[in-house]
Amino acid sequence: MSRQHIPLKDITIGTKGWTTKVIVEAKGMPRSSQRSPVKYQRMILRDSEGTKVQATIFESDIDKFSDVLTLYKTYYISNAVVKIILPQHRIAKNDYQWHINSKTVVQEVTEEYSSISLPPYNFVSFSEFSKYINSDAYVDIIGVVIHAYPPREIPTVNGPQRIQELLLVDQELIPKILTMWDQFIENESAAIVKNIKTKPIIAAYRIRIVSFNDGSMSTKGSSTFVINPDILEATKLRSWCIDNEAELEQLTLKKSYVGSSSSAIKAPPSHEIIEVKDIQSLEEKQTTFWLQAKISIPHSNQKYWYMACNKCYRRTNIDYKQIFDCVHCAEKQATAMPRCLLEVQLSDKTGALIATLFGENAEKFICCSAETLMQNSTEDHTKRTERRAYKKSWRIIRTVPKQKNIKSAGRSYEAHRSNKI
């Protein structure tokens, strides 16, 4: 029997004794906060009028609700904690958010006639990505995962981070890369990889489109995924997969065209390459720059390596190969390992700037591993290493993300290796 309930728009901090009826429109996997070990799970709820609210479950309450609040099912909910949400944290058009805890009452709506229907999804086709490249817009996509590359680390403006790239196609047979960052690797990506042989269909919500590989996808903290969703669009896509099995197999065999398994980044079109002198004037408009530059070592009084957590690559004072609890990534069995780091100069005919190379990029430039550098820290070995680097005189394309910290009199940048030219 239908219960009395009010619409989401009428629920505020001061609303007492309310009950509402909503459908679970999106639900993320449990994850930990970047700034603390607090575990949380976020979801989007929608009522029959189309109003949405962001709801979050914390810590032990996540297990309590693990078998309820199922995706695409309808529920009566009452006694959630209503709070104001700041605009920068808002992922639903609502001034309020909910905290669902052990006192929240959740009852599934079992009568089919009382359930809320989902509206048609507005998925963006892969051919339309160019409209959204490097914009502030979030998009929803649906595609077939045909290959998963191994996880790897890359340098970023916030330090080294782990990524895993998935190769997707849509019904236009357009292959695109989806980059999963950080906790998405351990959660959503791991579930996708487990089913990779079945070519799982994924619906991804709140995804950003970036310029790499002529428009690829990238997760953000608020992104959510559904594997093999029970929606009409997924049913149609699965039928298409069956009809185009041979073409999908060919695309899977040709997966290397995106070159993801290497740390090299695909070189951009010539019109995206700028000169060093132009970076300062563009810093307010963009955070990534492409340069054609010569790379060199500006000074030799560098250590060239630091001791790091083998999981998150943050600096640690723990001794080599010792097992420890990492305070940065909460890894309980982290291992202290050396990681290469060197300051370089990128220069062209218009000027020069200081940049930082990390990890594999740094090792390839100086032709020496971080462990070798650690074990041979003599002055003679350092000079031989520098001579090998100078002998290369690389002229390469670099992407240079803006760095937040200031070094000496100028801003510091981080360099990413691309293909030689």
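Hi everyone, let me start with one residue: Leu-69 is buried, with a relative accessible area of 0%. Buried here means under 20% relative accessible area, exposed means over 50%, and partly exposed is in between, using a 1.4 Å probe and protein chains only.

A quick word on what you are looking at. This is a predicted model, where local features need pLDDT of at least 70 and side-chain atom pairs count only at pLDDT 80 or more, while totals for chains, interfaces and linings use all residues. Residues are numbered from 1 along each chain as its sequence is written, and side-chain values use heavy atoms, with hydrogens and water left out.

Back to Leu-69. You will find Leu-69 in the loop between α1 (61–64) and β5 (74–78). For these labels, helices are DSSP runs of H or I with at least four residues, strands are runs of E with at least two, and numbering goes from the N terminus. The phi of Leu-69 is near 50°, a positive value in a residue other than glycine. As background, most residues other than glycine have a negative phi. Asn-79 also has a positive phi, about 65°, although it is not a glycine. Asn-79 is in the loop between β5 and β6, and at 43% relative accessibility it counts as partly exposed.

Now, the core. A nonpolar core is a set of buried Ala, Val, Leu, Ile, Met, Phe, Trp, Tyr and Cys residues joined through side-chain atoms within 4.5 Å. Which members of the largest one touch the most other members? Out of 41 residues, they are Leu-45, Leu-69, Trp-98, Tyr-205 and Ile-231. Helix α3 (residues 232–243) gives this core its largest share, four residues. There is also a second, separate core of 31 residues, including Ile-279, Leu-357, Cys-368 and Ala-370.

Let me zoom in on Ile-231. Setting aside neighbours within four places in sequence, Ile-231 is in contact, meaning heavy atoms within 4.5 Å, with Tyr-72, Tyr-121, Phe-123, Ile-142 and Tyr-205.

Phe-123 deserves a look of its own. Phe-123 sits in the loop between β8 (105–108) and β9, and is buried with a relative accessible area of 17%. Where does the chain come back to meet it? Ile-141 is 18 residues away along the chain, yet its C-alpha atom and that of Phe-123 are separated by 4.8 Å. Among the residues that Phe-123 touches, beyond those up to four places away in sequence, are Asp-140, Ala-203 and Glu-233.

On to the aromatic rings. Rings of Phe, Tyr and Trp (its six-membered ring) pair if their centres lie within 6.5 Å; planes under 30 degrees apart count as stacked, over 60 as edge-to-face, and the rest as tilted. The model has six aromatic pairs by this rule. In one of them, the rings of Trp-18 and Trp-98 have centres 5.0 Å apart and planes at 35°, so the pair is tilted. Trp-18 lies in the segment before β1 (19–27) and Trp-98 in strand β7, so the pair ties together parts that are 80 residues apart in sequence. Trp-18 is buried at 6%, and Trp-98 is buried at 2%.

Tyr-121 and Tyr-205 have ring centres 5.6 Å apart and planes at 45°, so this pair is tilted. Tyr-121 is in the loop between β8 and β9 and Tyr-205 is in strand β13 (residues 201–210), 84 residues apart. Both Tyr-121 and Tyr-205 are buried, and ring pairs link them with Phe-123 into a cluster.

So what surrounds Trp-98? Four of the five residues of its strand, β7 (residues 96–100), are buried, so β7 is largely enclosed by the rest of the structure. Strands pair if DSSP finds at least two bridges between them. Strand β4 (residues 52–58) runs parallel to β7, joined by four bridges, with Ile-57 partnering Ile-100. Strand β6 (residues 81–84) pairs with β7 in the antiparallel sense, also over four bridges, and there Lys-83 partners Gln-97.

Last stop, the cysteines. How many disulfides are there? Zero, where a disulfide is a pair of cysteine sulfur atoms within 2.5 Å. For Cys-309, the nearest cysteine sulfur is that of Cys-326, 3.8 Å away, and Cys-309 is buried at 1% relative accessibility. For Cys-340, the nearest is that of Cys-368, 7.4 Å away. Thanks, everyone!
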